[in-house]
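Work through the exercises below with the sequence and the model open. Try each task before reading its solution.

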Amino acid sequence: MRIVMKKRVHSSRFYFSIQLLFLTISLVTTVQYQVYGRVIPTKAHLFANMPTVFNVTGGGTYCAGSPGLDVGLDGSEAGVVYTLIKNNTPTLLTLQGTGQPLSFGLQTAAQYTISAFNGSKSALMNGQAIITEQPLPVVNIKASQNYICSGSVATYYADISQAPNPVYQWYKNYSPVGTNSNSYTYTPTHNDVIQLSVTSGNCTGLSDIYQVITYPVTAGISISCETNQIVAGQSVTYAATLYNGGNKYQLKWYVNGDLVNEGSMEYTFIPENMDEIYATLAIGDDVPCLQEYFLTSNAIVMSVCDSGPQTFTIISEDSYICGSDFGILMLDESEPGVAYTVYHKYNGSFIPYPFCTPKPGTGSSIEFEVSGGEFKINATNACSTSWMNGKCIFKIIDDSSPVMASDNDILAGTAVTFSVPLLDANIPPPVYRWNKNNDGNYFTGETFTFIPENGDFIQASMITPCTNYDVNNTVVMFVREAGAHYTNWTGNHSNDWHNPLNWDNGIPGVTSIVTIPETAVHYPTLSSAASCASLIMHNSASFIGAENLNVKSVKLSRDNTANQFQFISSPLSNSTTWGNVFPSNQNSIWIREYWEGNGEWLNHSIRNIISNNKGYSYKGLQPGQATFIGWLTLNEPEAFINYNNISNDIDRDGWNLMGNPYSSSIDWDLILGNDTEAAVYVWNGFNYISWNGTVGALNHGIIPPMTGFFVKALYKGYSPFQIPKTARVHANDVFHKQSAIGPILEVEVSDGTYEDKTYFRINNEATHNFDSGHDARKLFGIDEAPQLYSETRGLALSINEFPWQGTEIEHHLCFGAGKFGEYILNFSASGFGPEQKVTFTDNQKQISFALDNQYQYKFDYLPGENPQRFFIKISPGAYTPSNLRLQAYAHGGSIHVLNPNLENGEMRIISTNAQVVYTSRIAGSDHQEFSPSLGNGVYIVQIITNNATYNEKIIF
């Protein structure tokens with residue numbers, strides 16, 4: 001079959017051109033051409049194709065001020081160049097095709113198209129992008145009035161254009177206010193900033209800042225001079241001070257009502273005695289809210305003298321006043337031009353009484369209102385001062401009613417007399433209103449006597465000479481019925497009150513008198529209802545669950561050691577007096593309360609009330625007991641801690657002596673959420689022992705019953721302090737608590753009578769400064785007891801926590817004591833890894849050793865020595881002491897010489913008067929003991945070898 005080519009070829013030259021073209025062009029598509037009946041396969045078209053057409057993307061409307069909108073293509077062709085055309089005019093923006101969509105970036109308002117060129121042909125891409133610009137709303141603010149008087153209401157209006165369908169947002173001082181409204185009304189403050197934004201469509205316009213100016217509605221004038229007491233002939237300058245007077249004011253000066261000067265802010269002249277100077281102010285029209293305002297200043301009355309004040313007499317007599325009343329202190333005459341000041345006696349000296357303002361003399365008698373105290377009056381003029389004749393003492397009648405019982409813990413049928421101890425035997429005998437069991441039947445008299453039953457309670461309030469119906473305390477009676485059932489807790493089986501195996505005489509009933517002893521295997525925890533007649537507990541006996549026990553009376557007691565301070569707290573819900581807590585030997589008991597306001601201890605008397613929301617300090621000159629009779633604390637007492645001390649003394653400010661309010665121990669770690677430092681401090685009779693929630697000398701942070709403790713407030717002012725019932729624990733049940741997390745070094749010092757402890761702990765949450773959430777401060781004990789502590793930037797610490805950073809850490813281990821003698825350091829290190837080596841150094845004796853092989857160190861101490869004698873060092877890796885040397889110390893009546901290098905030499909003992917009292921040879925042993933006959937005192941041990949001479953101070 002004959003094949004005829006559809007396209008005619010005119011010459012052989014054209015044929016060879018096609019052949020050459022085929023040799024140089026390689027395309028993906030394969031076609032066939034027929035020339036003179038022959039089929040020729042090829043890989044390319046004879047001519048290049050048109051660029052592929054893609055769609056133009058982008059367009060829309062943007063807000064004025066915006067950089068524009070994106071224009072691009074939804075695809076592109078490799079080897080093709082694309083040009084952006086704006087309003088039919090090509091731009092200089094071109095992009096090379098990538099086979100992917102293209103973006104020409106953000107463009108402003110116009111009509112955009114895109115052309116493509118592949119090297120031989122051009123094509124216009126499909127579609128166009130039309131971008132338009134929307135103008136921003138023009139926003140201004142107008143006020144409802146030209147000026148605004150302070151305190152008046154003003155309205156601000158929106159003045160806008162180019163904003164169809166506006167949405168309004170007002171701002172005052174840059175915070176959004178108001179609603180979607182074209183106005184905003186409120187009472188402005190001077191210098192407020194008002195601003196308005198308006199949104200129309202997608203565009204928002206913002207007004208300029210409108211600064212509010214308000215004009216004052218009050219003004220004032222005052223005058224002053226350097227002194228109003230002068231010597232005759234002396235000139236005085238008076239100065240005026242204006243408040244909101246504007247610039248167009250009129251100022252006038254007057255002396256004794258006569259105009260003497262106009263316009264000046266100062267006026268000078270020579271006054272006479274009792275001249276009265278004042279000024280007037282007329283406000284100008286530049287203060288629009290105060291136009292035509294007229295004011296008169298204060299008046300200054302001059303005291304001009306040529307001699308000292310005359311002497312007059314205080315005519316008030318010594319008297320008694322009720323607690324909230326005032327006494328009238330009166331001077332029979334006074335002298336014009338003289339100032340009279342009340343003084344009161346304070347700490348043995350008379351100082352100005354702060355609650356009375358000095359008064360000027362009038363020519364007649366003058367009076368002052370004063371409270372209790374001893375008072376005098378001083379007169380002053382420019383020439384001299386004079387004490388007025390006489391003085392007056394006003395004694396305050398304490399109108400509280402701290403009731404005391406003549407006896408308690410009695411047999412049924414015993415009569416008891418209730419009284420209120422007199423504060424001052426010279427006042428008229430007070431009469432009280434007595435109430436029994438709050439039954440509404442009142443008895444009037446100085447005392448009240450009746451035969452109580454178990455659980456009866458008595459209250460009283462004074463009715464003469466002062467009237468005060470406030471009830472201060474409640475005396476609860478502990479009465480034993482003749483046929484009472486006695487049963488004692490043994491706790492041999494469990495904590496269960498209802499288990500008969502825990503009692504020696506059966507489970508208690510409503511007639512039972514129950515005793516919980518000081519020591520038991522288990523202490524009772526009551527979680528369901530139970531009853532008994534009375535409950536007796538002593539010292540550290542423990543009971544949890546008072547809220548579930550129906551009991552008429554409880555008696556708790558605590559022993560006191562003679563001549564030793566103790567911290568104490570009340571476990572009772574009812575307040576009582578120290579007279580009831582210490583019914584015997586009251587003159588031998590010293591009771592104090594710590595007052596944070598001035599950092600001092602305040603002495604208490606038998607009249608003072610003790611409640612369960614704080615702790616107290618007491619000391620008995622004889623052995624005895626503190627006894628609390630009443631009802632146990634059932635709920636969580638409301639208490640507060642103070643930080644009001646202004647001394648800026650860290651040893652005084654913020655410290656609060658709080659108390660355990662329950663009949664069991666409490667766990668400090670369970671007292672959370674209070675604004676205090678992490679540590680708690682308990683007094684053990686000679687030293688403070690601390691606990692920070694992790695480590696410390698206070699065993700597991702357990703605070704025994706009837707015990708006070710110190711905490712330090714974090715913040716100024718008053719803060720609530722709550723001890724929840726969930727913090728109650730039995731002290732012998734704390735074995736479940738997790739052991740302290742190390743590494744920890746405990747160091748204890750002892751002299752055989754007293755001891756003290758301090759702690760070092762690595763804690764990466766702490767810092768090298770004082771951390772209120774980790775460290776514990778050092779509170780110092782009695783002078784006789786040794787004191788051991790560390791220091792951080794000069795602050796003494798009993799617990800010192802710091803991070804481990806892989807570098808050497810060194811801390812002073814400080815020591816002090818009030819008596820000379822021999823002391824022993826005991827070290828207990830736990831939790832340290834192989835990368836942490838702990839060493840101890842005695843700088844005075846130049847001795848160092850690692851704490852992995854020696855845990856006790858004996859040394860002599862003389863009061864007054866540098867407390868920074870010892871060091872604790874924690875180092876990376878191993879540590880080898882390099883300063884081993886001869887040393888000597890006294891112990892057990894002997895002299896011990898340590899000779900690690902086995903040196904030969906002579907030892908001499910020299911007294912304080914430079915006499916050699918003993919000599920001996922040393923050789924051949926690393927430890928030699930000598931027993932010289934020496935009297936008690938301080939000596940120098942001198943050791944002489946071929947290499948050196950060593951001197952050691954010892955106390956024998």
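Contact means heavy atoms within 4.5 Å. This is a predicted model, in which local features need pLDDT of at least 70, side-chain atom pairs count only at pLDDT 80 or more, and totals for chains, interfaces and linings use all residues. Residues are numbered from 1 along each chain as its sequence is written, and side-chain values use heavy atoms, with hydrogens and water left out.

**Exercise 1. Describe the surroundings of Thr758.**

Step 1. Place the residue. Thr758 sits in strand S71, residues 755-762. Strands (E, at least two residues) are DSSP runs, numbered from the N terminus.

Step 2. Check burial. Buried means under 20% relative accessible area, exposed over 50%, partly exposed in between (1.4 Å probe, protein chains only). Thr758 has 0% relative accessibility, so it counts as buried.

Step 3. List the contacts, leaving aside neighbours within four places in sequence. Thr758 touches Leu745, Glu746, Val747, Leu788, Tyr789, Ser790, Leu797, Ser798 and Leu813.

Step 4. Look for a polar partner. A polar contact is a pair of N or O atoms within 3.5 Å; within protein, one must be able to donate a hydrogen and the other to accept it, and residues adjacent in sequence count only if both atoms are side-chain atoms. The Thr758 side chain reaches the backbone oxygen of Ser798 at 2.9 Å.

**Exercise 2. Find the strands that pair with S9.**

Step 1. Apply the criterion. Two strands pair if DSSP finds at least two bridges between them.

Step 2. Take S6 (residues 81-86). Six bridges join S6 to S9, and the two run antiparallel. Here Thr83 stands opposite Ser115 of S9.

Step 3. Take S11 (residues 129-134). It is antiparallel to S9, with three bridges. Gln111 faces Ile130 of S11 as its opposite number.

Step 4. Take S10 (residues 122-124). Three bridges link S10 to S9, again antiparallel. Leu124 in S10 is the bridge partner of Ser115. The S9-S10 hairpin has four residues between the strands, and Gly119 there takes a positive phi near 110°.

Step 5. Consider burial. Six of the eight residues of S9 (residues 110-117) are buried, so this strand is largely enclosed by the rest of the structure.

**Exercise 3. Work out the disulfide pattern, and characterise three of the links.**

Step 1. Count. A disulfide is a pair of cysteine sulfur atoms within 2.5 Å. The structure holds four. Counting bonded cysteines along the chain, the pattern is 1-3, 2-4, 5-7, 6-8.

Step 2. Cys149 and Cys289 are joined, S to S 2.0 Å. The link is left-handed, with -100° about the S-S bond. Cys149 is in strand S13 and Cys289 in the loop between S28 and S29, 140 residues apart.

Step 3. Cys305 bonds Cys383, S to S 2.1 Å. The torsion is about 105°, so this disulfide is right-handed. Cys305 is buried at 6% relative accessible area, whereas Cys383 is partly exposed at 32%.

Step 4. Cys322 and Cys466 have sulfur atoms 1.8 Å apart. Their link is left-handed, at -95° about the S-S bond. Both cysteines are buried.

**Exercise 4. Why is Cys356 not bonded to Cys392?**

Step 1. Find the closest cysteine sulfur. For Cys356 it belongs to Cys392, 12 Å away, which is too far for a bond.

Step 2. Check burial. Cys356 is buried at 11% relative accessibility. Cys392 is buried at 0%.
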